[in-house]
Amino acid sequence: KLTGTGFKPSLRVTLDVRRPFADKRARLGSVTAGRKGGVVFTKRISRSTDAGRWVVRACQRQCRIKATARFWVAKIKPV
């Protein structure tokens, strides 16, 4: 679940993900910012996603307004 604030209300925010320092991005989806500029986006990560560090970017207005955050994907071995 991704949450953020500071976007223009009622406008579309697109989200993508990439590895740190990589040029290629994968689109996650989009969401409309709320009345106060907040967004909430939920997406299940595929089991085939590589473990390690990732960066998610939320963009609005051709990325003139954007936010980024880093996160980790860990593989859990079955018991």
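Trainee: Which strands each supply at least two residues of the lining of the largest pocket?

Mentor: In this predicted model, the strands that each contribute at least two residues to that lining are β2, β3, β5 and β6 (65-73). The largest share, three residues, comes from β3. The lining has 20 residues, and those nearest the centre of the pocket are Val17, Leu28, Lys43, Ile45 and Phe71.

Trainee: What makes it a pocket rather than a cavity, and what volume does the largest pocket have?

Mentor: A cavity is a set of points from which a 1.4 Å probe cannot get out, whereas a pocket is an open set, so the name pocket says that these points are open. The volume of the largest pocket is about 400 Å³. By class, its lining has 10 nonpolar, seven charged and three polar residues.

Trainee: Why is Leu28 called partly exposed?

Mentor: The relative accessibility of Leu28 is 23%, and because buried means under 20% and exposed means over 50%, a value in between is called partly exposed. Leu28 lies in strand β3.

Trainee: What is Leu28 in contact with, leaving aside its neighbours within four places in sequence?

Mentor: The contacts of Leu28, with those neighbours left aside, are Leu15, Asp16, Val17, Phe41, Lys43 and Val56. One of these, Lys43, is 15 residues away from Leu28 along the chain, and the C-alpha atoms of the two are separated by 7.8 Å. A contact is judged by heavy atoms within 4.5 Å, so the C-alpha separation of 7.8 Å does not by itself decide whether two residues are in contact.

Trainee: How do you know that β2 pairs with other strands?

Mentor: Two strands pair if there are at least two bridges between them. Six bridges join β2 (residues 12-18) to β3 (residues 26-32) in an antiparallel arrangement, and five bridges join β2 to β5, also antiparallel; both counts therefore satisfy the requirement of at least two. As examples, Val17 stands opposite Ala26 in β3, and Asp16 has Arg57 in β5 as its bridge partner.

Trainee: What makes strand β2 mostly covered?

Mentor: Of the seven residues of β2, five are buried, and each of those five therefore has a relative accessible area under 20%. For the protein chain, buried residues make up 29% of its 79 residues.

Trainee: Why is Gln60 called buried?

Mentor: The relative accessible area of Gln60 is 1%, which is under the 20% limit, so the word buried applies. Gln60 is found in strand β5 (residues 52-60). Not counting residues up to four places away in sequence, Gln60 touches Phe7, Lys8, Leu11, Arg12, Val13, Ala33 and Ile65.

Trainee: How do you know that Cys59 and Cys63 form a disulfide?

Mentor: Their sulfur atoms are 1.7 Å apart, and because the limit for such a pair is 2.5 Å, the two cysteines count as a disulfide. The structure holds one disulfide. Cys59 has a relative accessible area of 7%, which is under 20%, so Cys59 is buried.

Trainee: How many helices and how many strands are there in the protein chain, and what share of its contacts with a separation of 6 or more is between residues 24 or more positions apart?

Mentor: The chain has six strands and zero helices, and from the N terminus its elements run β-β-β-β-β-β. Residues 24 or more positions apart account for 52% of those contacts. Taken along the principal axes, the C-alpha atoms fill a box of roughly 45 × 30 × 15 Å.

How values were computed
Residues are numbered from 1 along each chain as its sequence is written. This is a predicted model: local features need pLDDT of at least 70, side-chain atom pairs count only at pLDDT 80 or more; totals for chains, interfaces and linings use all residues. Side-chain values use heavy atoms; hydrogens and water are left out. Helices (H or I, at least four residues) and strands (E, at least two) are DSSP runs, numbered from the N terminus. Buried means under 20% relative accessible area, exposed over 50%, partly exposed in between (1.4 Å probe, protein chains only). On a 1 Å grid over the protein atoms alone, a cavity is a set of points where a 1.4 Å probe fits but cannot get out, and a pocket is an open set with protein on both sides within 12 Å along at least five of seven lines; lining residues have an atom within 4 Å of a point. Grid points are joined across faces, edges and corners, and a volume is the space filled by probe spheres set on the points. Ala, Val, Leu, Ile, Met, Phe, Trp, Tyr, Cys and Pro count as nonpolar, Asp, Glu, Lys and Arg as charged, and the others, Gly among them, as polar.
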